[in-house]
Amino acid sequence: MRIEEAIQRLDRYTAAPGTTESVKIRQRFSTILQEVKYKNFPPEKLAPLEHKLDIMFKDINLEGNNGDEQLQAHLKNLVKFLRTDFGLVPEGYCAMLGMRVGLAAGVILLLLLFFYTESSFKYYSPLGGLLMGVMIGSACDRREKMKGKTLLTRMV
């Protein structure tokens, strides 16, 4: 399935009545496909994506009851595929990842300091880890944006 066909199919069902969450999922999926279309990749590089879209849309029923859940799962798979094969990441991806790693490191540091020191500053280590992770992740996001490897659609 070509990218334009997938966008048209999603836009057709976005106009159909549904919950606001299902409309958001369909619009987000369509927006990501439009961004990939306008990145001007060569046709031979887009062939795996079009094959992946063909597989995705072959077994999905957008009008059905569980169409939104299937579309949400396919959206996550598409973003993962774009991240691994095309090097495209959603906006804020590195900051979110840095926040998770920083918070985990801060909690581990808190547990270590809890048993070995009596300082009251140890309770601020998760916050410090969180802030450091967000700062490093934001710098990574800016670098990816300057390279043109960022999708403008926020997935957070």
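1. Glu4 is partly exposed in this predicted model, because its relative accessible area is 30%. Its partner is Arg2: the two residues form a salt bridge in which the closest N and O atoms are 3.3 Å apart. Arg2 also counts as partly exposed, since its relative accessibility is 47%. A search of the whole structure finds 1 salt bridge. As background, side chains of opposite charge can pair when their charged atoms come close.

2. Lys122 deserves attention as a charged residue without such a pairing. Lys122 is buried yet has no salt bridge. The nearest side chain of opposite charge belongs to Glu118, at a distance of 5.0 Å. A salt bridge requires the side-chain nitrogen and the carboxyl oxygen to lie within 4 Å, so this separation does not qualify. What does the side chain of Lys122 reach instead? It reaches the backbone oxygen of Thr117, at 3.1 Å.

3. The setting of Lys122 may be described further. The residue lies in the loop that joins α5, residues 93–116, to α6, residues 125–147. When its neighbours within four places in sequence are set aside, Lys122 is in contact with Leu110, Leu113, Phe114 and Thr117. Thr117 thus appears both among these contacts and as the residue whose backbone oxygen the Lys122 side chain reaches.

4. A nonpolar patch is present on the surface, with an area of about 770 Å². The residues that make it are Ile108, Leu112, Phe114, Phe115, Tyr116 and Tyr123. One of them, Tyr116, lies in helix α5. Tyr116 counts as exposed because its relative accessibility of 70% is over the 50% limit. Phe114 is another member of the patch, and it is also in contact with Lys122.

5. Is Ile7 buried or exposed? Ile7 is buried, because its relative accessible area is 7% and the limit for a buried residue is under 20%. Ile7 is found in helix α1, which covers residues 3–14. Not counting residues up to four places away in sequence, Ile7 touches Ser30, Leu33, Gln34 and Lys37. For Gln34, which is 27 residues from Ile7 along the chain, the C-alpha atoms of the pair are separated by 7.2 Å.

6. The backbone at Asn40 should be inspected. Asn40 has a positive phi of about 60°, although it is not a glycine. Where is Asn40 placed? It is in the loop between α2, residues 20–37, and α3, residues 43–58. Asn40 is exposed, because its relative accessible area is 68%.

7. Pro48 has its place in helix α3. With a relative accessible area of 40%, Pro48 is partly exposed. Pro48 and Phe81 are 33 residues apart in sequence, and their C-alpha atoms are 9.8 Å apart in space.

8. Lys147 is a residue of helix α6. Its relative accessibility is 56%, and Lys147 therefore counts as exposed. Between Lys147 and Leu46, which are 101 residues apart along the chain, the C-alpha separation is 19 Å.

Technical notes:
Residues are numbered from 1 along each chain as its sequence is written. This is a predicted model: local features need pLDDT of at least 70, side-chain atom pairs count only at pLDDT 80 or more; totals for chains, interfaces and linings use all residues. Side-chain values use heavy atoms; hydrogens and water are left out. Helices (H or I, at least four residues) and strands (E, at least two) are DSSP runs, numbered from the N terminus. Buried means under 20% relative accessible area, exposed over 50%, partly exposed in between (1.4 Å probe, protein chains only). Lys and Arg count as positive and Asp and Glu as negative; His and the chain ends are not counted. A polar contact is a pair of N or O atoms within 3.5 Å; within protein, one must be able to donate a hydrogen and the other to accept it, and residues adjacent in sequence count only if both atoms are side-chain atoms. Contact means heavy atoms within 4.5 Å. Patches are made of residues with over 30% relative accessible area and no salt bridge: like charges are joined within 9 Å, nonpolar side chains (Val, Leu, Ile, Met, Phe, Trp, Tyr) within 5 Å. Accessible areas come from the Shrake-Rupley method with a 1.4 Å probe; for residues, only the protein chains shown count as cover.
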